[in-house]
Structure formats: structure tokens, C-alpha cells
Amino acid sequence: MHFNYLPSFVKRRGRITKKQIENIEELNKFSVSDFNDIKNISNDFKSSTIEIGFGDGENIISIAKENPETLFVGSEVYLSGIGSLIGKIKENNLSNIRIHNGDVRELLETIKAPIFESMLIICPDPWQKAKHHKRRLINLDFLALARSTLKKGGNLYIATDWDDYADGISEAVRVAEGYISSEDYPFNNFPVTRFQARAIREGRDIHKFNLKKI
Ligand SMILES: C[S@@+](CC[C@H](N)C(=O)[O-])C[C@H]1O[C@@H](n2cnc3c(N)ncnc32)[C@H](O)[C@@H]1O
């Protein structure tokens, strides 16, 4: 089944560097586009995690370094972020990161059986105006789609830096079926990402949701 989604991401007009363009030329070495790609690679690892909207890749690089036996799939539409991540994968000589370039919901729809031990979403685009709330990634439909790809006992970790998005997520989580809140975090040390650092500078709180699939 394929759904047409309203974009949940902002088109960035930011500059892309020569180095990022060179790195993107190597994307096919790291690229995954569907369930079969992930399934084949995941057999070489003890567990699999997906990070959605990795931005410049600070978080995925940091936890991938600390957890070499875990496969990390990073999904992002932002090309300069993908270029940066490939650069960091090469600098750190990491073999446990793969990249999905596109709308993550199209990837998750291809997942035929639960495959991820955890899913991480750090600072999803906030879409602050009420008329744009329908573009927010986290809603009831997304929670159901995400759940279908998580193994039983698997974690969905979401951090948002906007109070009213946190309210919307709380409400979706309250109604969604098949999750409980958990104190059992999938990873111990999440670094502060670029968007979180900005929120902290601007005096905003980071709201964290750690759910477990039951
Ligand atoms: C606000 S940024 C946060 C980046 C990073 N996680 C951080 O905390 O610095 C949100 C990111 O999610 C990505 N994104 C939004 N919707 C997405 C989707 N449907 N699939 C994949 N990535 C998405 C955007 O391109 C953007 O880079």
C-alpha cells in the first residue's frame, strides 16, 4: 500500500559544499531503499536501529561509534546532511551505518516484518503554525506505522524542543494502541544535536518520550 504524504520536512536552500557533493557521489555504497536491503545487512548485526531526520548526523555518528554491533539506518531528505554524514562515516571508519535518502514513511511502508529494536526521532520539524500542524511527522498514523516496524519490546524515542508539539505528541501517544511509556532508554548517551543546542540557547525545554512496543 502506498500513501501520498504531505511533506513533513522544510525545503532548505542552504549551501551545499564541494566536499558534501563529493561525498554524496558515494551514497550508493551506503544506501538502503527498502525492507530487503535492510534485512540483508541486518543479518550481520546483533540489532538494528533507525534514526529519522538525522540532520548533520551528530547523534547517529556518536551512538554508532559506541555500539559497533548495532546497525544504524539513518533516514534524511536533506542532501547536505547526507553529504556530512558520509564524510563522518569515512573519517571514523564506521561500517555500521546505512542511509535512506527520502521520506522515511515510504521506507517504513516497505517493512514487511518487525525489524528494528529502536527508532529515534530528535527534533522533528515543528511546523508551528496551526494551519501546518497536519504536516507534523508524529501523529496517530505515524505511530501505527512505526509500531509495525518495531520488534516487541522495541523502543520509540522522540525528543522535541517545542512545547505545543510535545502536547500533540502526548495526545497521540495517549490514544495510540500498543505502546507503554518506559524508563528503559535504548542508548545511554545521546549527544546534544544542533537543533537541541539551539533550543537550549533560546531557553526552550527538550521534551522526551520513550515508548516501548507491547
Ligand atoms: C529540525 S531537523 C532536526 C535534525 C537533527 N535531528 C537535530 O536534532 O539537529 C529535522 C530533520 O528531519 C528531516 N525530516 C523531516 N521529515 C522527514 C521525513 N519524512 N523523512 C526523513 N527525514 C525527515 C528534515 O529534513 C530535517 O533534517
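Me: Before I look at the sheet, when do two strands count as paired?

Reply: Two strands pair if DSSP finds at least two bridges between them. Strands themselves are DSSP runs of E, at least two residues long, and helices are runs of H or I, at least four, numbered from the N terminus. This is a predicted model, where local features need pLDDT of at least 70, side-chain atom pairs count only at pLDDT 80 or more, and totals for chains, interfaces and linings use all residues. Residues are numbered from 1 along each chain as its sequence is written.

Me: In what order do the strands of the sheet lie?

Reply: In general, strands of a sheet pair through backbone hydrogen bonds, either parallel or antiparallel. Here seven strands make an open sheet, ordered 3-2-1-4-5-7-6, with mixed pairing. Strand 3 (97–101) and strand 6 (179–181) are at the edges with a single partner strand each, so one side of each has no neighbour in the sheet.

Me: How many bridges join strand 2 to strand 3?

Reply: Five, and the two strands run parallel. Valine 73 sits opposite arginine 98 in strand 3.

Me: Now helix 8: which of its residues are buried?

Reply: A residue is buried if 20 or more other C-beta atoms, placed from the backbone, lie within 10 Å of its own. In helix 8 those are Phe195, Gln196 and Ala199. Seen down the helix axis, their directions from axis to C-beta atoms fall within an arc of 100°, so they line one face of helix 8.

Me: And what comes just after helix 8?

Reply: Glycine 203, with a positive phi of about 80°.

Technical notes:
Buried ≥ 20, exposed ≤ 12 C-beta atoms within 10 Å, placed from the backbone.
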